[in-house]
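Biologist: Got a minute to go through this model with me? Let's start with one residue, then move on to the empty spaces.

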Amino acid sequence: MPVRVTVGLADAVAVAAVGGGTWSVTLSDNGRPVASQPPTPYSGAVLTATLAAASWSSAVIEVNPVRYAPLRLTVSGRDQSVYRDDPLSVVTAGADALVVSTRLLRLRESRGVPISPQPDPGILTGPWLTASGNPALPSVVYGDLRMQSFGALPSLEALSPPAAGGTVFADPDAPGWGRFNRITKTNLDMNRAGAPLLLEYGDVGSSTSGARFLVAIWAPAHDARKAPTEHDFVAFLHPNTSKPPFPPAGHPYRSGGYPYGVVPVPPPKGEQPSGRTFQPYVELAMRYLVGSWAKYRWPGNSAVVVMPIMPGAPPLAKGQTAGDDQLDYGRPFRDRSGMWRLVEEVKFFLHRVRYGLSADALTRWWGAGSGPPVSTTVTTPIPGTRRIAVAAYSASSVQLVPLLTSEAQGRRFDAALWGPSPTVQAVADQAWRETWALDPFTKAGESVGSDVFEKALLAWLGENNERRFVLGASGTTTATDLVTRFPALAAAATRRPVLRGSDPSRRAEFWAGPSNRWVAFAASNPYLTAAAPPTPPTLPTYPAFRDDDIQHAFMFELATGFAFNWTTVGRP
């Protein structure tokens, strides 16, 4: 009996799938193969095959696109009881026909690279990713990312959003945390809060010439008894990687050490190299997902964090003019089209791996990937996108400004592959409710000028009456000179009196915007330096000595804690 197999392919985020690939199908009856089509090239969006099988009870369809992630779908049963192991596929099956409609993603779990011989854990430090050669282990292993390495935390200090007329600052002459109005949280166990996962994005199919990026996500624990109907997201722009220890890489970012290259650990100032090594791009991802940011992800916030890892641009020789690799740093994620495409891809990926639909979907992630697929007859609607926040730290202010101003996509990133459909674009633009400027550099010549930054921020704010922003600044980036740096904000703000300690260099300032739609606060680096290390120790660590980089990182932590307390993203 002929069995007609039809597979319809759609780009999950855009309108039509781009490019071709190969596909195959195998029909089985009670576990025994009875008919198959070997890998066959395709070029359209509808794939068809006719196989001869007297009887069949299950099918395996494999699609290996050139530009999209591979897809493997297992189907069993027929008529009213059709099981499939992909929540993004719709299937109907009868004795003589199998019809599948499915979505292609440009996102897949990170595969890592084999590191041979396997490094001594005492030499290779920090989180790292390798392809396991041991068949008894998961195919991908996250080194130093086991659950026991990230257990219960000491108490956490986070700035408290003030009531009307209040401020985040307190006594400037207190020796440490008494300088801030804050919330103290204890008994936090981040292993129960959620889990990180590393992904690859872009041309992750059989193509070896298209651009490919490392992406890190953190998904909070979700009650599997109730499938999510909407997701909130925080898209995070990390600091500049066009400097050591990050290996530079040019387009398409497949060589030169990005994203899995192993390099020596930079020694502390004044010390000799230790001989230890690490993967800087992977470490960058995990530094925030299970380091700086994870501890603020206490229960009650359901936002998924999405962090594209930017490859460092190749350095320029003296007198050399910047080329495409330098000019495209941060693309395609520094424009809305590119960032929204990634956010939507993550949403579909999470649904494909049954996030929120399975009680153990998160625990599997710790060190082993998202785990095997699960077959079901139940069709669960794909969640919508509700609210989005975009956060930027340090020199990523340079990438934040074009996001705020709707810069057009770069010529090397085709909108059909790197952008969403107009409908998705409009939904995401409307969903972008908050911007978190976490100690951004805003000095012309070093990053983006404060006048350009301020103008872009206010223009973005004016696009939607429900938008809000927070700006936190240290002496490293702003020298607490808010009025000079941001005169338009100063003119619109309700400004609290400037706080000064007995040492006048210990200075802090807090502003609130009209209708409390935005807040800005700044503290000098002496204000951000404790008289002595606080006891008992807390997180974040209050620095007890002056170093501009350390105070810069401390303000990032303070502004992050404030943002997670203040935000409506991820909240009911």
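Biologist: Is Ser337 buried or exposed?
Modeller: Ser337 is buried, because its relative accessible area is 18% and the cut-off for buried is under 20%. Keep in mind that this is a predicted model.

Biologist: Where does Ser337 lie?
Modeller: In helix H3, which covers residues 336-352.

Biologist: And what is Ser337 in contact with, leaving aside neighbours within four places in sequence?
Modeller: Trp418, Gly419, Pro420 and Gln425.

Biologist: Switching to pockets. How much space lies in the largest pocket?
Modeller: About 1,300 Å³. There are 38 lining residues, and the closest to the centre are Lys243, Arg287, Tyr393, Asp549 and Ala553.

Biologist: Which helices and strands each supply at least two residues of that lining?
Modeller: Helix H1 (280-292), strand E21 (384-394) and helix H11 (548-566). H11 gives the most, with seven residues.

Biologist: How do the residues of the pocket lining divide?
Modeller: Into 21 nonpolar, nine polar and eight charged.

Biologist: Now the largest nonpolar core. How many residues are in it?
Modeller: The core has 150 residues. Those touching the most other members are Trp23, Leu98, Trp293, Trp436 and Phe521. H11 turns up again here: the largest share of this core, nine residues, comes from that helix.

Biologist: Pick Phe521. What does Phe521 touch, not counting residues up to four places away in sequence?
Modeller: The list includes Leu159, Val168, Phe169, Val470, Leu471 and Phe510. Met555, Ala559 and Phe562 are also among the residues Phe521 touches, and H11 spans 548-566. Glu509 is on the list too.

Biologist: What about cavities? How many come to 30 Å³ or more?
Modeller: Two. The largest cavity has a volume of about 40 Å³, and the second largest holds about 30 Å³.

Biologist: Which residues line the largest cavity?
Modeller: Ala249, Tyr253, Pro311, Gly312, Ala313, Asp325, Asp328, Tyr329, Gly330 and Arg331. That lining divides into five nonpolar, two polar and three charged.

Biologist: And how does the lining of the second largest cavity divide?
Modeller: Seven nonpolar, three polar and no charged. Among the lining residues are Leu9, Val18, Tyr42, Pro65, Tyr68 and Leu104. Gly19, Gly20 and Gly44 are there as well.

Notes: Residues numbered from 1 in each chain as written. Predicted model: local features only at pLDDT ≥ 70, side-chain atom pairs only at ≥ 80, totals over all residues. Heavy atoms only, no water. Helix = DSSP H or I, 4+ residues; strand = E, 2+ residues; numbered from the N terminus. Buried < 20%, exposed > 50% of the residue type's maximum accessible area, 1.4 Å probe, protein only. Contact = heavy atoms within 4.5 Å. 1 Å grid on protein atoms, 1.4 Å probe; cavity = no way out; pocket = protein on both sides within 12 Å on 5 of 7 lines; lining within 4 Å. Points joined across faces, edges and corners; volume = space filled by probe spheres on them. Nonpolar A, V, L, I, M, F, W, Y, C, P; charged D, E, K, R; others polar. Core = buried A, V, L, I, M, F, W, Y, C linked by side-chain atoms within 4.5 Å.
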